[in-house]
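This report looks at aromatic side chains and at one sheet. The sequence and the structure come first, followed by the description.

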Amino acid sequence: GLEALQSFLTACNATSAAPVTLQDLTGDGLDDLVLIYQNPDPALVQPAMELLILQGSADGFAIGYQARAESEVNLLGTIDVNTDNQTDVAWIETTCGAETCFDTVQIYSWDGNAWQDWTATKITMANAEIRLEDQSEMAQGLEVVLSGGEYVDEAAGPQRSRTELWGSLDGAPYTLLDRSYAASNCLYFTVLDANAAFLAGGDDDFE
């Protein structure tokens, strides 16, 4: 089982980049595996990781899902994130340029037959701090909270950090629930905030 898999990876020069997660992910009573490993392809310009979900059976393991991330991969969790009684696998893919890194959250959910993408649109942010928390009464289970969004490059112009809250409504794939921006003394952002307040309040508030 697990020892044979590790031996196979070693023989292929594909080193495991994180501890192997051994858990029943599909509810069939058999252990499954979540494996993150370094892609050994010498043609890659930058080191890249891949994530494999291997489903257990009486005959061994078979690939249930393979994420070809082409970047750094960090596991967020293997739990029922949105409490719909189906196990989810959540991870972060981080791709870095010369100065700025972009973090993308992936959530795949077992629907009883296959692993399905459980994000309605791409969840990504520059230089993000990411966590799973229960912050919304509207959404089910845990929400994805991202804080960051600032570019390191000085040529990026005026900017400020933001926080985004993504959640699962009625068990559906994750969508953006809220976005808020940090305070700023920059005149550019003051004008943007004033315009947003005007549009939200209507003409009566500015008579």
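A residue counts as buried if its relative accessible area is under 20%, as exposed if that area is over 50%, and as partly exposed in between. The structure described here is a predicted model. In it, W115 has a relative accessible area of 6%, so W115 is buried. W110 is also buried, because its relative accessible area is 8%. M138 falls on the other side of the scale: with a relative accessible area of 61%, M138 is exposed.

**Aromatic pairs**

How many aromatic pairs does the structure hold? There are 4 of them. Two of these pairs are set out in the table.

| Pair | Arrangement | Centre to centre | Angle between the planes |
|---|---|---|---|
| W91 and Y108 | stacked | 5.5 Å | 20° |
| W110 and W115 | tilted | 5.5 Å | 55° |

The labels follow from the angles. Planes under 30 degrees apart count as stacked, over 60 as edge-to-face, and the rest as tilted. W91 and Y108 have planes 20° apart, so this pair is stacked. For W110 and W115 the angle is 55°, so this pair is tilted.

Where do W91 and Y108 sit in the chain? W91 belongs to strand β5, which covers residues 88-96, and Y108 belongs to strand β6, which covers residues 101-110. The two residues are 17 residues apart, and their pair links distant parts of the chain. Both W91 and Y108 are buried. Together with Y65, they form one aromatic cluster.

**The open sheet**

Strands of a sheet pair through backbone hydrogen bonds, and the pairing is either parallel or antiparallel. One open sheet in this model has 4 strands, in the order β9-β10-β11-β12, and the pairing is antiparallel. Its edge strands are β9 (129-133) and β12 (175-181), each of which pairs on one side only. On average, neighbouring strands of this sheet are turned by 20° against each other, with direction ignored.

Which strand pairs with β9 over 5 bridges? That strand is β10, made of residues 140-148, and the two run in the antiparallel sense. Within this pairing, I130 has L146 in β10 as its bridge partner.

The loop between β9 and β10 contains M138, the exposed residue named at the start. M138 and G167 are 29 residues apart in sequence, while their C-alpha atoms are 8.5 Å apart in space.

Technical notes: Residues are numbered from 1 along each chain as its sequence is written. This is a predicted model: local features need pLDDT of at least 70, side-chain atom pairs count only at pLDDT 80 or more; totals for chains, interfaces and linings use all residues. Side-chain values use heavy atoms; hydrogens and water are left out. Rings of Phe, Tyr and Trp (its six-membered ring) pair if their centres lie within 6.5 Å; planes under 30 degrees apart count as stacked, over 60 as edge-to-face and the rest as tilted. Buried means under 20% relative accessible area, exposed over 50%, partly exposed in between (1.4 Å probe, protein chains only). Two strands pair if DSSP finds at least two bridges between them. Axes are lines fitted to C-alpha atoms, for helices over the stretch in contact, and angles run from 0 to 180 degrees between N-to-C directions.
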